[in-house]
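Please walk through this model with me, one region at a time. Keep the sequence open beside the 3D view.

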Amino acid sequence: MAGVFEVEVDGVEHDHGHGHHDEAQQIDLSQLSAEEKWRLEHARMHAKHKGHEAMHAEMVLILIVTLVLAQLLLVQWKQRHPKSYNLVTLFQMWVVPLYFTTKLHWWRFLVTWFIFSAVTAFVSFRATRKPLNCTTPRLVYKWFLLLYKLSYTTGIVGYTVVMFTLFGLNLIFRIKPEDAMDFGVSLLFYGLYYGVLGRDFAEMCADFMASTVGYYSASGMPTKHLSDSICAVCGQPILVDVSEEGIIENTYRLSCNHVFHEFCIRGWCIVGKKQTCPYCKEKVDLKRMFSNPWERPHVMYGQLLDWLRYLVAWQPVIIGLVQGINYILGLE
């Protein structure tokens with residue numbers, strides 16, 4: 001088999017006007033092993049691109065320049081028009097993976113995507129109603145907080161599986177490396193994608209509900225008086241004292257002395273990325289709130305999701321733009 005393969009490689013490598021098509025066609029690819037087929041395709045690729053070094057250098061230069069200019073434009077757009085930037089980014093985060101997964105027939109992702117879209121659409125619909133139902137803020141924050149925890153756990157499990165596979169621990173359970181890696185990468189993708197998308201939808205709902213509830217105006221002055229026994233986020237009574245341990249959830253008191261349900265204020269601060277008190281807009285000290293050190297990585301995880309948003313939403317657009325420029329210049 002090795003001798004036959006060498007004949008095929010030579011025929012491909014010199015197939016630039018020397019008439020070796022007949023020799024190449026005599027090779028039965030079905031008789032080759034997977035490794036030999038890969039080497040054959042690799043040789044064909046090198047033969048196809050032989051002598052194109054200058055063109056490849058131009059393509060790399062176009063890619064670097066486009067990435068730099070696109071990053072500068074995105075930063076300026078985000079600083080000058082944050083609302084439109086966030087809205088367009090959210091839309092792309094929602095539809096771009098749908099396009100690729102539909103094209104690749106990843107049905108499991110499509111099922112989870114439609115379930116997520118249906119529930120999130122219902123929750124977002126409730127958050128945009130006027131007048132706002134008193135139970136809606138709590139429903140919104142509990143859903144996105146649940147989604148946040150699920151995505152965080154899924155991402156950690158996926159990352160752990162990937163690391164175990166790299167260290168060869170999958171062999172202990174007699175699992176093939178490619179199967180273990182596919183499983184880990186899939187979980188990591190699910191966790192990161194829904195984590196980013198869920199945070200963006202949570203921020204949109206948080207902004208809308210904050211203005212709808214109407215505890216503070218655009219100038220920062222509260223427009224309603226808040227009782228000490230009422231949560232400023234959901235408007236429901238607080239049944240558990242700050243000093244008591246709750247069965248389902250605890251009660252938090254901020255540095256401004258306003259009290260909130262645990263799910264409400266966690267959703268407001270972490271999921272909705274709000275760093276101010278919902279009532280008086282005083283800055284919230286997250287480190288003081290999170291006395292449990294195991295909960296602090298949640299904030300770091302949220303910062304990681306903000307960084308990954310650029311890769312998921314804008315990277316495919318930039319790559320498509322680069323391919324379009326190469327096509328116009330005849331470099332493709």
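The paragraphs below go from helices to surface to aromatic rings.

This is a predicted model. Start at helix α4, which covers residues 53–80. Two of its residues make a useful pair to look at: T66 lies in α4, and V65 is found there too. Is T66 buried or exposed? T66 has a relative accessible area of 8%. The cut-off for buried is under 20%, so T66 counts as buried. Which residues does T66 touch, once neighbours within four places in sequence are set aside? The contacts are I318, L321, V322 and I325.

V65 has a relative accessible area of 40%. That value falls between the 20% and 50% limits, so V65 is partly exposed. V65 also belongs to a nonpolar patch on the surface. The patch is formed by V60, L61, I64, V65, V68, L69 and L72. Together these residues have about 630 Å² of accessible area.

Now move to helix α5, residues 82–104. T101 lies in this helix. Its relative accessible area is 2%, so T101 is buried. Leaving out neighbours within four places in sequence, T101 is in contact with W106, F109 and L110. Keep F109 in mind; the name returns with the rings.

Helix α7 spans residues 136–166. How far does α7 reach from its first C-alpha to its last? The span is 45 Å over 31 residues. That is close to the 45 Å expected at 1.5 Å a residue. Just after α7 comes G168, with a positive phi of about 80°.

Last, the aromatic rings. How many aromatic pairs are there? The count comes to 14. One of the pairs is Y99 with F100. Their ring centres are 5.2 Å apart, and the planes meet at 75°. An angle over 60 degrees counts as edge-to-face, so the Y99 and F100 pair gets that label. F100 has a relative accessible area of 40%, so F100 is partly exposed.

F189 and Y190 also form an edge-to-face pair. Here the centres are 6.0 Å apart and the planes are at 65°. F189 is partly exposed, at 34% relative accessible area. Both rings of this pair sit in a wider cluster. Ring pairs link F109, F116, F189, Y190, Y193, Y194 and F201 there. F109 is thus a cluster member, and F109 is also one of the contacts of buried T101.

Technical notes: Residues numbered from 1 in each chain as written. Predicted model: local features only at pLDDT ≥ 70, side-chain atom pairs only at ≥ 80, totals over all residues. Heavy atoms only, no water. Helix = DSSP H or I, 4+ residues; strand = E, 2+ residues; numbered from the N terminus. Buried < 20%, exposed > 50% of the residue type's maximum accessible area, 1.4 Å probe, protein only. Contact = heavy atoms within 4.5 Å. Patch = residues over 30% accessible without salt bridge, like charges linked within 9 Å, V, L, I, M, F, W, Y side chains within 5 Å. Areas by Shrake-Rupley, 256 points an atom, 1.4 Å probe, with all protein chains shown as cover. Salt bridge = Lys/Arg side-chain N within 4 Å of Asp/Glu carboxyl O. Phe/Tyr/Trp six-rings, centres within 6.5 Å; stacked < 30°, edge-to-face > 60°. Expected span 1.5 Å × (residues − 1).
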